[in-house]
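Visitor: I spend my days at the bench, and I would like to know what stands behind the words used for a structure. Could you walk me through one?

Guide: Gladly. Here it is.

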Amino acid sequence: MKHFLRVLSQFLVFLYCKCLWRGLKFVIRKVTGRCELQRICYNNKPGARRTLKIESSLRSSKHEILQSAINSHPDSVEKTIDDIMALKKINPDTNPQLGISLQACLLQIVGYRNLVVEVEKLRREPYDCENPVHEEMLMKLWKELCPDSPLSGRISKQWCEIGFQGNDPKTDFRGMGLLGLYNLLYFAEHDKATALQVLHDSLQPKHSKMSKAEWEKKKFDKAIGYSFAIVGINITELAYSLLLSGALKTHLYNVAPEMPNVAHFQQTFCYLMQEFHRFWIEEDPSDIMEFNRVRTKFYKRVLKQLKKPDMALCPHFTASDLHLVTL
């Protein structure tokens, strides 16, 4: 009986989507004189709310021109808009704003798709110690985070001071490839003050009544207290998961007027690093063994926030000024 009811409900949903809803759209167009794309653009302000609806409408359309629009090349977006206007028999001279709005939405849609490709390419590229560009980036990361402490050598225990696990950081980049290094370096270069503060805090004893010297002497393993670089790579994976699942569309469609790019993704990473640091302190875990629990809880909180169509995680460029805001 349960199986029959489930099949029946699925059939009714299918019937509604394929027949009733399209019939309803036809009636609404006759009454209002506007197609669905026009109604979305005129009734929603620019941003995720509008672009997500446009994307859904194009994806579910029965017309090939509309379906293929979301896979357009950025250089052909303008022509795609002209084709859509012609298909819908909309005069661009009497509806100039519609073309502009559709173009902005489509640029965001194809931009997000291209961003996923670019980020995935960085993630798949392994760190190569024989590549001078990779090595230069790694050395630059050290100089940005420890400007007053010269590195004794390429292979050194000093790397642990900025949160790597061993003497050679290259082994820590295996999971996220170059993407992890790109994000850490971006954070250190573009919001140096915040990055240095987070690094400093991560090295402090958990119990403020005990001095750092006393803490090191007792060799306790509890601190505020995590490995900065390792957490940065882990937060990179979190941001990557949000991007890949489409959850970041809400944020990026709200902060990128046109095409989201890698810089927008890296700014998001800076925000997530700063917010995770605050969240870690609020959670007050007993030791680093609770990292996965805290990370999972943090991920769920961010995911919940991103379900709000007017939400932007970081509207500003500098991570120091980032706040969760409702546009």
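Guide: The protein chain holds 14 helices and two strands. Please keep in mind that this is a predicted model. Of the 327 residues in the protein chain, 45% are buried. Among contacts with a separation of 6 or more, 62% join residues 24 or more positions apart.

Visitor: Let me begin with a helix. What makes helix α2 largely enclosed by the rest of the structure?

Guide: A residue is called buried when its relative accessible area is under 20%. Helix α2 covers residues 36–43, and six of its eight residues are buried, so the helix is largely enclosed by the rest of the structure. The buried ones are E36, L37, Q38, R39, I40 and C41.

Visitor: How do you know whether S101 is buried or exposed?

Guide: We set its value against the cut-off. S101 has 5% relative accessibility, and buried means under 20%, so S101 counts as buried. Its place is in helix α6. Leaving aside residues up to four places away in sequence, S101 touches C41 and R50. C41 is also one of the buried residues of α2.

Visitor: And K143, buried or exposed?

Guide: Here the other cut-off applies: exposed means over 50%. K143 stands at 59% relative accessibility and therefore counts as exposed. You will find K143 in helix α7, residues 132–145. Its C-alpha atom is separated by 9.5 Å from that of A188, a residue 45 residues apart from K143 along the chain.

Visitor: Which label does S245 get, buried or exposed?

Guide: S245 has a relative accessible area of 52%, so it is exposed, the cut-off being over 50%. S245 sits in helix α11, residues 228–245. From C-alpha to C-alpha, S245 and V116 are 9.9 Å apart in space, while 129 residues apart in sequence.

Visitor: What is the phi of K89 that earns a remark?

Guide: K89 has a positive phi of about 55 degrees although it is not a glycine. It lies in the loop between α5 and α6. At 77% relative accessibility K89 counts as exposed, again because exposed means over 50%. D284 is also not a glycine, and its phi is positive, about 50 degrees. D284 belongs to the loop between α13 (262–283) and α14 (291–306).

Visitor: Now to the inside. Which residues of the largest nonpolar core touch the most other members?

Guide: That core has 82 residues, and those touching the most other members are I54, L58, L102, L145, L243, L248 and L272. Helix α6 gives the largest share of this core, twelve residues. Domain 2 (34–113) and domain 3 (125–307) each contribute at least three residues to the core. As a general point, nonpolar side chains tend to be buried together in soluble globular proteins.

Visitor: What does I54 touch?

Guide: Not counting residues up to four places away in sequence, I54 touches L37, I40, C41, L102, C105 and I109. Of these, L37, I40 and C41 are among the buried residues of α2.

Visitor: How many cavities does a search of the whole structure find?

Guide: One cavity of 30 Å³ or more turns up. The largest cavity has a volume of about 30 Å³.

Visitor: What makes that a cavity and not a pocket?

Guide: In a cavity, a 1.4 Å probe fits but cannot get out, whereas a pocket is open.

Visitor: How do the residues of its lining divide into nonpolar, polar and charged?

Guide: Seven are nonpolar, none polar and none charged. The lining consists of I54, L58, I81, I84, L102, C105 and L106. Ile, Leu and Cys are among the types that count as nonpolar, so the lining comes out as seven nonpolar residues.

Visitor: Where do these lining residues come from?

Guide: Helices α3 (48–60), α5 (77–87) and α6 (96–124) each supply at least two residues of the lining. The largest share, three residues, comes from α6.

How values were computed
Residues numbered from 1 in each chain as written. Predicted model: local features only at pLDDT ≥ 70, side-chain atom pairs only at ≥ 80, totals over all residues. Heavy atoms only, no water. 1 Å grid on protein atoms, 1.4 Å probe; cavity = no way out; pocket = protein on both sides within 12 Å on 5 of 7 lines; lining within 4 Å. Points joined across faces, edges and corners; volume = space filled by probe spheres on them. Helix = DSSP H or I, 4+ residues; strand = E, 2+ residues; numbered from the N terminus. Core = buried A, V, L, I, M, F, W, Y, C linked by side-chain atoms within 4.5 Å. Buried < 20%, exposed > 50% of the residue type's maximum accessible area, 1.4 Å probe, protein only. Domains from an automatic or database assignment. Contact = heavy atoms within 4.5 Å.
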